[in-house]
Protein chains: 2
Amino acid sequence: VADGLQSLGEFGIIGLFRKDAGPGRRWVVQGIGDDCAVLDAGGKERLLVTTDMLAERVHFLRDGITPFQLGYKSLSVNISDIAAMGGEPTAAFLAWGLTGDLDEAFVTGFRDGLLKCAREFHVDLLGGDTVSCKSDIVVCLTVLGRAEEGEVITRSGARPGDVVMLGGVVGDSGAGLSLILHDTENVSAADRKRLLAAHLEPRPQVELGRLLSTRHLATAMIDVSDGVLQDLSHIAGESGLGADLDADALPLSDAARRLAKSAGVDARDWGLTGGEDYMLLFCVPPDKEAETVSACRVELGLDAVPVGTMTKEKKMRVRRGGTWSEVPIQGYDHFKKTE
Amino acid sequence: VADGLQSLGEFGIIGLFRKDAGPGRRWVVQGIGDDCAVLDAGGKERLLVTTDMLAERVHFLRDGITPFQLGYKSLSVNISDIAAMGGEPTAAFLAWGLTGDLDEAFVTGFRDGLLKCAREFHVDLLGGDTVSCKSDIVVCLTVLGRAEEGEVITRSGARPGDVVMLGGVVGDSGAGLSLILHDTENVSAADRKRLLAAHLEPRPQVELGRLLSTRHLATAMIDVSDGVLQDLSHIAGESGLGADLDADALPLSDAARRLAKSAGVDARDWGLTGGEDYMLLFCVPPDKEAETVSACRVELGLDAVPVGTMTKEKKMRVRRGGTWSEVPIQGYDHFKKTE
């Protein structure tokens with residue numbers, strides 16, 4: 001193939017494995033194709049497993065993130081996958097490749113960030129693998145979690161008419177990345193701090209995931225890692241449905257709006273296709289919307305915001321500036337050329 | 001630190017995490033420091049977890065291994081860690097970073113090798129992460145396994161007087177690597193095939209591990225990944241003991257002996273420090289040695305070979321050519337300069 005892996009793409013590669021790997025044995029509740037695998041751990045217990053790889057010059061730049069932040073983020077994005085299934089994270093494993101020019105300060109900084117995140121979310125670091133790499137740092141975290149049988153929320157449970165909701169603002173991470181890549185000076189210190197933190201030290205919504213799962217409020221869920229458009233299309237695809245997304249209703253921060261204005265871009269795009277916000281995106285039956293909003297407000301002090309509706313017709317439509325239009329599935333594919 | 005990570009070393013880095021990660025919560029049976037982590041999975045069930053990273057130009061050369069072999073080996077070396085605890089492998093997760101110049105044939109070849117290994121050892125591939133990398137392929141497998149409470153064999157259970165045994169020949173993998181690195185022509189096709197297979201498609205000793213664990217024959221166990229010297233010193237260190245190793249008794253293949261002779265090297269060194277043989281190295285109480293040898297022969301058709309003794313004195317001694325001498329702990333450290 002002349003164009004390497006571009007025509008196949010990330011999801012084509014995954015498809016090649018999914019097709020041949022088979023459904024697994026009886027104790028496999030969920031195999032390839034969701035935020036986590038789900039295993040029957042005996043009785044009502046379910047074991048959740050997720051793994052994510054971060055590569056230098058692809059996911060991060062060495063000068064754009066401190067070792068502490070890299071350690072924190074490496075773990076938190078995996079915990080977010082557990083949260084996206086309604087699970088409680090329990091244990092973490094760190095496999096990483098380090099280049100010879102790094103020093104002990106890098107290792108201790110990374111460790112401190114990772115263990116801070118582990119403490120915050122009650123996760124035990126239980127093992128891993130430390131190897132050398134020739135040119136780029138690579139970090140691979142595997143995180144285990146647990147949930148009870150009826151609590152696991154997959155991507156595939158959405159029903160037509162379900163309200164699509166977001167657990168918090170999106171776009172801040174994309175705005176933060178923009179600050180790292182383009183040396184923007186016209187930003188207040190407070191805005192800069194907020195947007196960089198969203199990108200460099202994202203906080204997974206574990207409590208929200210547990211609330212939605214233990215109260216059986218959500219029918220489908222995912223965390224926003226690839227952007228709302230692509231992540232919603234994952235829910236739609238796995239549920240055999242379509243979705244109407246109201247981009248005008250996306251919760252955006254004032255900080256992101258201000259940066260977008262000064263940069264001459266549309267802040268909604270950071271939320272739609274920027275990714276890495278790690279907010280939970282979930283579907284709620286219409287008759288549970290009020291209860292969901294209220295529970296989020298009262299128990300967690302956060303605003304669950306309706307941003308769309310699941311539809312029977314397998315199409316993805318987006319409303320912008322009051323006008324609806326059909327859109328192709330978008331987002332970051334690791335092997336497709338960006339336009 | 002002027003010398004990067006060299007003075008700290010791989011085991012120094014692990015030590016920095018082990019010190020601060022804490023012992024974990026009650027359900028953690030074994031944290032950082034063995035082939036696998038061991039978790040209480042409820043009742044008598046134990047969950048084993050291991051993860052390993054393979055990096056291009058460090059663990060393999062793109063021209064030295066086929067995609068099929070890389071897929072097979074990536075999984076088999078992780079299954080070997082489950083075998084080394086006496087466990088039964090159950091599920092695998094693949095996180096990998098691919099460079100843009102790879103093609104679909106690479107992906108399907110790798111997949112075929114990985115899934116062949118998965119079928120051979122009854123492992124389900126249940127998820128992972130596919131990302132792009134700038135310069136080197138990186139493969140990270142995480143494998144889960146199971147065992148019952150009393151079956152788990154750690155590195156730390158050896159007792160003074162225990163017989164140190166090997167589950168098969170060592171050195172073939174080091175000899176195979178030597179064939180890849182040095183273009184040796186003076187080797188028969190059969191020898192070449194055997195030695196390359198040992199290095200490129202190592203077969204983990206899962207059945208041997210299960211036999212030793214379910215019959216309660218071994219007190220401590222590890223798989224030979226870093227070389228017999230270093231792996232035995234891991235058992236000694238974790239058990240608070242020393243060991244006498246009879247290098248003259250190491251089981252070596254005729255193929256490795258022939259290659260060593262023509263290359264003017266000592267074949268024992270491939271076994272002692274070459275690593276990647278993935279044979280099980282285990283300790284057996286003297287009164288169970290005969291039963292162990294017999295069970296291995298009758299049930300698995302393999303020769304368990306005594307190669308040393310665990311000692312009270314915390315020293316590592318090696319016998320070569322009939323002479324004993326004390327040796328420093330040796331083997332491959334990812335960040336130490338090789339002499």
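Q: What makes a residue pair a salt bridge, and how many does the rule find across the interface of chain A and chain B?
A: A salt bridge is a side-chain nitrogen of Lys or Arg within 4 Å of a carboxyl oxygen of Asp or Glu. Across the interface of chain A and chain B, zero pairs are found by this rule. This is a predicted model, in which local features need pLDDT of at least 70 and side-chain atom pairs count only at pLDDT 80 or more, while totals for chains, interfaces and linings use all residues. Side-chain values use heavy atoms, with hydrogens and water left out.

Q: What relation holds between chain A and chain B?
A: Superposition is by least squares on the C-alpha atoms of residues with pLDDT of at least 70 in both copies. Chain A falls on chain B after a rotation of 180° with 0.0 Å of shift along its axis (RMSD 0.0 Å). That is therefore the relation of a two-fold axis. With contact defined as heavy atoms within 4.5 Å, 100% of the contact residues of chain A recur in chain B, so the same surface serves both copies.

Q: How many residues does the contact take from each chain?
A: The contact takes 71 residues from chain A and 71 residues from chain B.

Q: What is the area that chain A and chain B bury between them?
A: Buried area is the accessible area (1.4 Å probe) that two parts lose on being put together, summed over both. For chain A and chain B this comes to about 5900 Å², 69% of it on carbon and sulfur atoms. Phe17(A), Met53(A) and Leu126(A) supply 12% of the area that chain A buries against chain B, more than any other three residues.

Definitions and conventions: Residues numbered from 1 in each chain as written. Chains lettered and ligands numbered in written order.
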